[in-house]
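The questions below ask how each label was reached. Each answer sets a value against its cut-off and concludes from the two.

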Amino acid sequence: MADGSVYLQAGKAFHAAVAEASRFVGATAPNPPVGCALLDAEGAILAVAAHHRAGALHAEANALRSCAERGLTDRIATAIVTLEPCNHTGRTPPCAEGLLATPVKTIWIGCADPNPKVAGGGAARLEREGREVRWLERELHSVPDGRLLLAQCRGLIAPFIRWSVDQRAWLTVKQAVNTDGLMAPPTGRTTFTSNAALNLAHRLRRATDAVVTAGGTVRADLPGLDVRRIDDHMGRKPRMLVVCSRTREVPQNWLTMAERRFEVIFSDSIEEVPKRLAEAGVLWGLVEAGPTLLGELRARSLWDDWLRIAVRPDGNEDFSVERRHEATPLALFDELAGTIVAGQNDFT
Ligand SMILES: NC(=O)C1=CN([C@@H]2O[C@H](COP(=O)(O)OP(=O)(O)OC[C@H]3O[C@@H](n4cnc5c(N)ncnc54)[C@H](OP(=O)(O)O)[C@@H]3O)[C@@H](O)[C@H]2O)C=CC1
Ligand SMILES: Nc1c(N[C@@H]2O[C@H](COP(=O)(O)O)[C@@H](O)[C@H]2O)[nH]c(=O)[nH]c1=O
């Protein structure tokens, strides 16, 4: 096969693997979401699969099983993985071994595994056995949408890295701003953004492990903070956490909150919040709070990325993303990915 079509097929398969992994973002903690596509020698996709939840099969194992069930194992020529295959036995057997049990010739890897137990080991194991390992990062300009796909592969694991390396939850702030530059909705309402923006907000809720709000918003809005507006929400219910200071009184809506199974994080010091969330098992938290908490998070650089939805006087909206790291899980959302890839080096 000519190199051009190899790149075309790899790009297509990376898109499929990222899309499948994205469906399980928010369901795999404390593991990262991972996707895998297996291709035949002509570049046709034989199977696409993802890791569904901790303890369940890894993406590669799931895709291999799908091929085995249909008698297609002998046709596997290329594997596309969003994350380097593992080579250690954890809750499941090593994926590198699973791949080595097939005739796979080439393994394309989206990004290296930051887990010190894997870190380069999976790729090295495959190469030692004579299989070709190709890193998306090194062939970005040849693979169609290479930069977008790399941003998405890195975005899939960004909260996991923050959690496992820094023991902190990844915090995405979502802030809606009206034409006056203010965040308060009109009386009697809890939101003021368009359906498109609210749909995105609910997809973000579905993808995150917890929605984080604060005492002021609970008192003003008694927010639901649940996942609606999405058909394919797969029963996802992010935890709902409320940040309160110990020194102030417990929000007066406490009883209703308790019925809705809110959890309260009392925090003497706001600096502790990302760490406290990580301890509570949250890899990725979506902050939907008012200007007081947002001001505190910003002043102390306690956020990882910041999505601002600004309503313009003509009623349209501008979506902008600020980020403090090169990788961001917001790259997984179609309406934000373009801005993120365009401003690839534009982070603090
Ligand atoms: N447009 C938008 O995107 C959004 C708008 N809103 C709007 O925001 C308004 C409410 O905002 P606001 O009153 O500023 O309230 P916040 O939601 O920012 O909550 C403030 C509360 O957070 C807690 N808190 C603040 N700082 C700390 C700290 N250092 N340590 C621990 N806890 C802390 C305190 O809770 P406590 O007092 O309980 O101790 C404080 O009262 C509402 O009108 C709501 O509709 C809300 C969310 C999103
Ligand atoms: N105002 C505002 C938002 N505000 C957030 O959404 C909460 C209401 O959501 P729910 O209780 O699920 O209906 C509200 O309390 C606040 O946390 N979100 C937005 O996408 N757009 C908006 O204009």
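A polar contact is a pair of N or O atoms within 3.5 Å; within protein, one atom must be able to donate a hydrogen and the other to accept it, and residues adjacent in sequence count only if both atoms are side-chain atoms. The model is predicted, so local features need pLDDT of at least 70 and side-chain atom pairs count only at pLDDT 80 or more, while totals for chains, interfaces and linings use all residues. Residues are numbered from 1 along each chain as its sequence is written, chains are lettered from A and ligands numbered from 1 in the order in which they are written, and side-chain values use heavy atoms, with hydrogens and water left out.

Q: What makes the pair formed by G224 and ligand 2 a polar contact?
A: A backbone N or O atom of G224 lies 2.6 Å from an oxygen atom of ligand 2. That distance falls within 3.5 Å, so the pair is a polar contact.

Q: Which other backbone atoms pair with ligand 2 in this way?
A: A polar backbone atom of F192 is 2.6 Å from an oxygen atom of ligand 2, and a polar backbone atom of T190 is 3.1 Å from a nitrogen atom of the ligand. The protein covers 90% of the 510 Å² of accessible area that ligand 2 has on its own; such areas come from the Shrake-Rupley method with a 1.4 Å probe, and for residues only the protein chains shown count as cover.

Q: What makes a residue count as near ligand 2, and which come nearest?
A: A residue is near a molecule or strand if one of its heavy atoms lies within 4 Å of it. Around ligand 2 there are 17 residues, of which F192, T193, R205, D221 and G224 come nearest.

Q: Which elements supply the shell around ligand 2?
A: Strand 6, helix 6 (195-207) and helix 7 each supply at least two residues. The largest share, 3 residues, comes from helix 6. Helices (H or I, at least four residues) and strands (E, at least two) are DSSP runs, numbered from the N terminus.

Q: How many residues of the shell around ligand 2 are called nonpolar, polar and charged?
A: The shell has 6 nonpolar, 5 polar and 6 charged residues. Ala, Val, Leu, Ile, Met, Phe, Trp, Tyr, Cys and Pro count as nonpolar, Asp, Glu, Lys and Arg as charged, and the others, Gly among them, as polar.

Q: Which residues make polar contacts with ligand 1?
A: A polar side-chain atom of R219 lies 2.8 Å from an oxygen atom of ligand 1. On the backbone, a polar atom of M183 is 2.9 Å from a nitrogen atom of ligand 1, and an N or O atom of G216 lies 3.0 Å from an oxygen atom of ligand 1. The protein covers 87% of the 930 Å² of accessible area that ligand 1 has on its own.

Q: Which residues and elements surround ligand 1?
A: Of the 28 residues around ligand 1, T217, D221, S245, T292 and L293 come nearest. Strand 6 (170-177), helix 7 (215-221), strand 8 (239-244) and helix 10 (291-299) each supply at least two residues of the shell. Helix 7 gives the largest share, 6 residues.

Q: What makes a space a pocket, and where does ligand 2 sit?
A: On a 1 Å grid over the protein atoms alone, a pocket is an open set of points with protein on both sides within 12 Å along at least five of seven lines, whereas a cavity is a set where a 1.4 Å probe fits but cannot get out; lining residues have an atom within 4 Å of a point. A molecule sits in either if more than half of its atoms lie within 2 Å of its grid points. Ligand 2 sits in the largest pocket, and the space taken by ligand 1 is the largest pocket too.

Q: How much space lies in the largest pocket, and which residues are closest to its centre?
A: About 1100 Å³ of space lies in the largest pocket. Of its 45 lining residues, A214, T217, E288, A289 and G290 are the closest to the centre. Grid points are joined across faces, edges and corners, and a volume is the space filled by probe spheres set on the points.

Q: Why is the peptide bond from A29 to P30 worth a remark?
A: The bond is cis, with omega near 5°. Most peptide bonds are trans. P30 lies in the loop between helix 1 (3-22) and strand 1 (35-39).
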